[in-house]
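Here is a quick walk through the model, starting with what packs inside and ending with where to be careful. Have the structure open as you read.

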Amino acid sequence: MSSKKELLSTAMKRTSEWIFSQEIPSDVTVHAGGASFSLHKFPLVSKCGYIRKMVSESSDADLSEIKIPNVPGGAEAFELAAKFCYGINFEISTENIAMLRCVAEYLEMTEDYAVGNLVSRTDAYLNEVALKSLAGAVSVLHLSENLLPVAEKVKLVSRCIDAIALAACKESQFSMSGRSDSGNEVVISSIVSQPKPIVDWWAEDLTVLRIDIFQRVLIAMMARGFKQYALGPVLMLYAQKSLRGLEAFGKGRKKIEAQQEHEKRVVLETIVSLLPREKNVLSVSFLSMLLRAAIYLETTVACRLDLEKRMGLQLGQAALDDLLIPAYSFTGDTMFDVDTVQRIMMNYLENEVEGNRIGYHADDECGVTLLSDMERVAKLMENYLAEIASDRNLTVSKFIGLAEIIPEQSRVTEDGMYRAIDIYLKVQSLA
């Protein structure tokens, strides 16, 4: 609060300096954004339609006080608008252009009242400077989030989104120009084969945006031809940043406030709705991270089932840690969410059955044959059984249910299954 008071007192001091320098006593006090400004009617009404109407429509011929509620950008924005009315020079930049454009609209500073007024001046800066670069457009868009609904009314948000989408598509085409263009499969395969996903330099900039604005940017990018599978790394970056801080480990009370939980739930559900449909674009570990967060945040059932299905499609690429999902049902007894893993396994088997039905026996995108993939999944599930077998609260029915869905023909040996059963029986005998 003290810093805000200092800012307002500084603003009023600067306003007083303009007045004293002109040696003309002020004849109106304007209250805007929590501050009071001692000003002159003439320079204000000459460029500001809002104030001109208030003065002309007032029953008080000597109107000496004007209140401007909900001025976009607050006291800082109004101060700059007042400076413009007085003809005092100040720098227009990407940091203040959003609030200047909005306050100019709110105060009706159009060409109807003065040539080269603030609306046209800000529009010119946006077109010629701020929206010419992707970074500039993102910065203006981010600042516009706090200026709604005026920023929407003046089409500032849509202009920024269009500029970002256009620039991102150009950057993407440039970065992809040196790669093979023989089809989506080649590109996807090259992405998967990288130790880290390919992230364009501008993707980090987009992570500052609010989730609903971020979604609109991605939709605009796809409308301009940006491939959905190429959104994978961008979504991963946004998810990792926006979902950071979730203490979704172990049992006990949730360590998150209700409002924050709601916000993160909306973020997660939106990200899942934007995930590429192509197989192997996203790593299983990333999908597992999203699923853990979805269970912890209690997202919609559809959101969780979607992630389970995606993991099932790529189960052959999973590591054991990807399946060790903690049981977040805070009333449950088991350490790990066995039911979720069972559904993931069922999704995998249904997909393989469907693949056999349509005669799919070719190598998949990663060059792994169907048989070896099944063998690897069977080995993975045996290791998972052995890991959860040490949980003394795991019921016999759940243990058997999970063991029975592992196809016998996919097991190279029975050693893994015997090992898991042995661990389970020893733990239960000690319980």
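Contact here means heavy atoms within 4.5 Å. With that in mind, this is a predicted model, and Leu206 is a good place to start. Leaving aside residues up to four places away in sequence, Leu206 touches Val138, Ile164, Phe214, Val217, Leu218, Val234 and Tyr238. Leu206 also belongs to the largest nonpolar core, which has 131 residues; along with Ile68, Phe78, Leu275 and Tyr384, it touches the most other members. In soluble globular proteins, nonpolar side chains tend to be buried together.

Now for helix 3, residues 49-57. Its buried residues are Gly49, Tyr50 and Ile51. These pack against helix 2 (41-47), strand 3 (65-68), helix 4 (74-86) and helix 5 (97-106).

What about the cysteines: how many disulfides does the structure hold? The count is 0. Take Cys160: the closest cysteine sulfur, in Cys102, is 9.7 Å from its own, and a disulfide needs the sulfurs within 2.5 Å, so that pair is too far apart for a bond. Cys160 counts as buried because its relative accessibility is 0%. Cys169 counts as buried too, at 6% relative accessibility.

Finally, the confidence scores. The chain averages a pLDDT of 82, and 78% of the residues score at least 70. Two stretches where pLDDT stays under 50 are listed here, with their contacts beyond four places in sequence.

| Stretch | pLDDT | Contacts in the model |
|---|---|---|
| residues 177-198 | under 50 | 20 contacts beyond four places in sequence |
| residues 365-370 | under 50 | 14 contacts beyond four places in sequence |

How values were computed. Residues numbered from 1 in each chain as written. Predicted model: local features only at pLDDT ≥ 70, side-chain atom pairs only at ≥ 80, totals over all residues. Heavy atoms only, no water. Core = buried A, V, L, I, M, F, W, Y, C linked by side-chain atoms within 4.5 Å. Buried < 20%, exposed > 50% of the residue type's maximum accessible area, 1.4 Å probe, protein only. pLDDT = per-residue confidence, 0-100. Helix = DSSP H or I, 4+ residues; strand = E, 2+ residues; numbered from the N terminus.
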